[in-house]
Number of protein chains: 2
Amino acid sequence: MTEPRLHVDADLGAGAAVDLPKHQAHYLRNVMRLGAGAAVKLFNGRDGEWRAAVDRVSKNSMTLTVGEQLRPQAAEPDLWLLFAPIKGRRIDAIAEKASELGCAEIRPVLTERTVVARVNVERLQANAVEAAEQCERLTLPVVREPEPLGDAIARWPADRRLLYADERAGAAPIARALAAAEPGGRWAVLIGPEGGFAPAEQDLVRALPQALPVSLGPRLLRADTACFAALALWQAHLGDWRDGDGGQSDDAP
Amino acid sequence: MTEPRLHVDADLGAGAAVDLPKHQAHYLRNVMRLGAGAAVKLFNGRDGEWRAAVDRVSKNSMTLTVGEQLRPQAAEPDLWLLFAPIKGRRIDAIAEKASELGCAEIRPVLTERTVVARVNVERLQANAVEAAEQCERLTLPVVREPEPLGDAIARWPADRRLLYADERAGAAPIARALAAAEPGGRWAVLIGPEGGFAPAEQDLVRALPQALPVSLGPRLLRADTACFAALALWQAHLGDWRDGDGGQSDDAP
């Protein structure tokens with residue numbers, strides 16, 4: 001069985017006591033069936049990853065004692081995902097995959113053809129946290145409140161590039177465009193709604209000097225698929241997949 | 001409203017009459033609310049894409065008359081996806097995304113740590129067909145019956161390369177490995193189960209001369225995420241995303 005891995009708010013250091021909130025205590029006790037002495041991995045986004053042991057268990061709480069550090073905190077790519085919200089489970093999957101694919105921020109943007117009026121930010125955040133725990137990230141991505149695309153572009157940070165899927169014929173193939181870009185730095189991926197950006201929105205994005213338009217091939221991808229593809233390509237070319245260290249997944253039982 | 005697009009078995013040519021099966025007649029009449037004269041796009045995997053018009057409508061059937069050809073049939077990448085089946089909706093998403101990401105064959109493989117005993121091939125095929133209709137492919141991917149990984153490797157075609165996610169430290173980063181490979185040709189992507197391949201399975205795959213081991217970065221990806229990422233990277237580097245023609249998505253209303 002894989003050792004459970006949880007994000008906590010508490011400071012982590014050898015010997016520290018960590019009181020888990022009720023939902024995490026419930027998960028470890030009733031779902032994972034852990035009792036006193038069982039091992040858990042903890043991270044808080046600041047102090048790296050630590051092994052802890054279950055110390056006291058009561059009906060609604062659990063206290064862990066922190067042992068050794070497993071990994072020091074390390075820098076992670078500074079990548080945002082901007083996407084037009086879509087319905088149902090597909091949006092949950094976007095939050096989950098954006099977390100696995102190493103996004104620092106997940107930012108729903110409202111576009112002219114966005115059909116979803118309300119976004120459950122709390123639920124998206126919960127999906128992103130669960131994925132972060134499972135995929136061994138050392139940080140949590142932050143899910144922002146939705147904002148109109150026009151506002152996001154109007155306030156766009158000068159030092160952040162914006163990779164976006166451009167449906168015009170002649171946009172550069174994504175691998176070629178990314179191979180020519182500088183690795184690292186601040187970036188964002190922008191994926192439009194299923195009906196595409198409205199013409200005025202296209203003009204707005206294209207006019208941004210930080211924008212890098214790319215093609216995602218000849219097939220019409222769903223918005224969720226386009227998110228996954230663009231994020232994976234970015235990580236492979238400019239993010240932390242460049243180092244080729246697949247050796248982190250050694251937590252076999 | 002987007003023009004409906006359907007895969008049919010019938011031969012397609014100007015003036016041909018196409019009788020739709022009951023489920024497609026139901027979809028066009030009751031879901032899309034189409035009546036006589038309405039336009040539909042058709043493809044059959046052999047004759048390209050055609051516009052057709054609704055001709056006769058009855059309670060359980062619908063006949064279309066084929067008009068002009070919209071696109072000639074064209075070669076598509078020869079890419080397979082081999083994956084260890086997983087539970088629930090995640091496996092449906094794999095079939096859908098594999099179709100959008102241009103797989104010719106979707107092949108579930110049973111591994112030592114595969115937890116799913118039964119695969120509903122028919123349901124996966126239906127997901128793949130729906131995605132093919134929506135993403136404007138000119139062919140359907142074929143979903144195969146599950147087979148043991150060992151059998152698939154034992155009969156592996158001499159002329160087909162096998163890209164697989166290798167969890168060992170030191171595997172080449174996927175973008176670097178693909179940039180060094182020859183574009184086109186026959187390929188497959190292999191993604192293992194969530195628990196990883198068993199050691200004997202790893203040895204089996206690694207021993208295959210056609211195998212290309214790659215790293216998908218430092219985070220532990222879920223199996224579905226790894227499928228999407230590897231397929232997108234393959235298309236971007238070796239498949240039909242290299243041409244940068246995003247101009248096919250011009251079916252605006």
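**The interface between chains A and B**

In the UniProt record, an unreviewed entry, residues 20-66 of chain A carry the annotation "domain: Ribosomal RNA small subunit methyltransferase E PUA-like". The structure examined here is a predicted model. Within it, residues 20-66 of chain A are 21% helix and 43% strand. The C-alpha atoms at the two ends of this span are 12 Å apart.

Chain B meets chain A through 50 residues, and 50 residues of chain A are in contact with them. The size of an interface is often given as the accessible area lost when the parts come together. Between chain B and chain A, the buried area is about 4100 Å². Carbon and sulfur atoms give 54% of that area. Three residues stand out: Arg219(B), Leu220(B) and Trp241(B) supply 20% of the area that chain B buries against chain A. No other three residues supply more.

Charged and polar pairs also link the chains. Eight salt bridges are counted between chain B and chain A. One of them joins Arg90(A) to Glu96(B), with the closest N and O atoms 2.7 Å apart. Polar contacts between the two chains number 19 residue pairs, both residues being at pLDDT 80 or more.

On chain B, four helices each give two or more residues to the side that touches chain A: helix 2 (88-100), helix 3 (121-135), helix 5 (174-179) and helix 7 (223-238). Helix 7 of chain B gives the most, with nine residues. By residue class, the side of chain B that touches chain A holds 19 charged, 17 nonpolar and 14 polar residues.

Terms used: Residues are numbered from 1 along each chain as its sequence is written. Chains are lettered from A and ligands numbered from 1 in the order in which they are written. This is a predicted model: local features need pLDDT of at least 70, side-chain atom pairs count only at pLDDT 80 or more; totals for chains, interfaces and linings use all residues. Side-chain values use heavy atoms; hydrogens and water are left out. Contact means heavy atoms within 4.5 Å. Buried area is the accessible area (1.4 Å probe) that two parts lose on being put together, summed over both. A salt bridge is a side-chain nitrogen of Lys or Arg within 4 Å of a carboxyl oxygen of Asp or Glu. A polar contact is a pair of N or O atoms within 3.5 Å; within protein, one must be able to donate a hydrogen and the other to accept it, and residues adjacent in sequence count only if both atoms are side-chain atoms. Ala, Val, Leu, Ile, Met, Phe, Trp, Tyr, Cys and Pro count as nonpolar, Asp, Glu, Lys and Arg as charged, and the others, Gly among them, as polar. UniProt positions are given in the numbering used here, feature names are shortened, and annotations may be inferred rather than shown by experiment.
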